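Work through the exercises below with the sequence and the 3D view side by side. Try each task before you read its solution.

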Amino acid sequence: VNTNGKADFSIHKKSINSIYRAYNQLRDEHARELFGRPLDELTVAELEVVFSVIPTNVSEVSTIDDTL
């Protein structure tokens, strides 16, 4: 995610939340395929399997360019 100091925080937060929702949707689909149950019904061990296959990898970079 590329951010800058002039960006509206609420827009930034909505963007980040959308990314995390997408991760959880993928994890839920994988859980249903692998275990036949949605993510919120898995055991801790099953959750570890799903999260190891689909880890969260989000990084934020702040731009310094004042023209943005």
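Just after α1, Gly-36 takes a positive phi of about 75 degrees. Before the exercises, some ground rules. This is a predicted model, in which local features need pLDDT of at least 70, side-chain atom pairs count only at pLDDT 80 or more, and totals for chains, interfaces and linings use all residues. Residues are numbered from 1 along each chain as its sequence is written, and side-chain values use heavy atoms, with hydrogens and water left out.

**Exercise 1. Describe the order of the elements, and say where confidence is lowest and highest.**

Step 1. Count the elements. The chain has two helices and two strands. Helices (H or I, at least four residues) and strands (E, at least two) are DSSP runs, numbered from the N terminus.

Step 2. Read them in order. From the N terminus on, they run β-α-α-β.

Step 3. Check the confidence. pLDDT is the predictor's confidence in each residue, from 0 to 100. The chain averages 86, and 81% of the residues score at least 70. Strand β1 (residues 2-4) has the lowest confidence, with a mean of 58, while α2 has the highest, at 97.

Step 4. Apply the caution. Where pLDDT is low, the predicted coordinates should not be read in detail.

**Exercise 2. Test whether the length of helix α1 agrees with its number of residues.**

Step 1. Find the helix. Helix α1 covers residues 9-35, which is 27 residues.

Step 2. Work out the expected span. The rule is 1.5 Å times one less than the number of residues. For α1 this gives 39 Å.

Step 3. Compare. The end C-alpha atoms of α1 are 38 Å apart, which agrees.

**Exercise 3. Sort residues of α1 by burial.**

Step 1. Set the cut-offs. Buried means under 20% relative accessible area, exposed means over 50%, and partly exposed lies in between (1.4 Å probe, protein chains only).

Step 2. List the buried residues. In α1 they include His-12, Ile-16, Tyr-23 and Asp-28.

Step 3. Add two other residues. Leu-26 is in helix α1. Its relative accessibility is 47%, so Leu-26 counts as partly exposed. Ile-19 also has its place in α1. At 27%, Ile-19 is partly exposed too.

Step 4. Look across the chain. The C-alpha atoms of Leu-26 and Ile-54 are 7.8 Å apart, though 28 residues separate them along the chain. Ile-19 and Asn-57 are 38 residues apart in sequence and 10.0 Å apart in space, C-alpha to C-alpha.

**Exercise 4. Find the salt bridges and say how covered their residues are.**

Step 1. Define the pair. A salt bridge is a side-chain nitrogen of Lys or Arg within 4 Å of a carboxyl oxygen of Asp or Glu. The whole structure holds two.

Step 2. Take Asp-28 and Arg-32. Their closest N and O atoms are 2.7 Å apart. Both residues lie in helix α1, four residues apart, about one turn of the helix. Asp-28 is buried. Arg-32, at 47%, is partly exposed.

Step 3. Take Arg-37 and Glu-46. Their side chains meet at 2.3 Å, N to O. Arg-37 is partly exposed, at 26%. Glu-46 is buried, at 15%.

**Exercise 5. Locate a nonpolar surface patch.**

Step 1. Know the rule. Patches are made of residues with over 30% relative accessible area and no salt bridge; like charges are joined within 9 Å, nonpolar side chains (Val, Leu, Ile, Met, Phe, Trp, Tyr) within 5 Å.

Step 2. Name the members. Leu-34, Val-49 and Val-53 form the patch, with about 240 Å² of accessible area together. Accessible areas come from the Shrake-Rupley method with a 1.4 Å probe; for residues, only the protein chains shown count as cover.

Step 3. Place one member. Val-49 sits in helix α2 (residues 44-53). At 35%, Val-49 is partly exposed.
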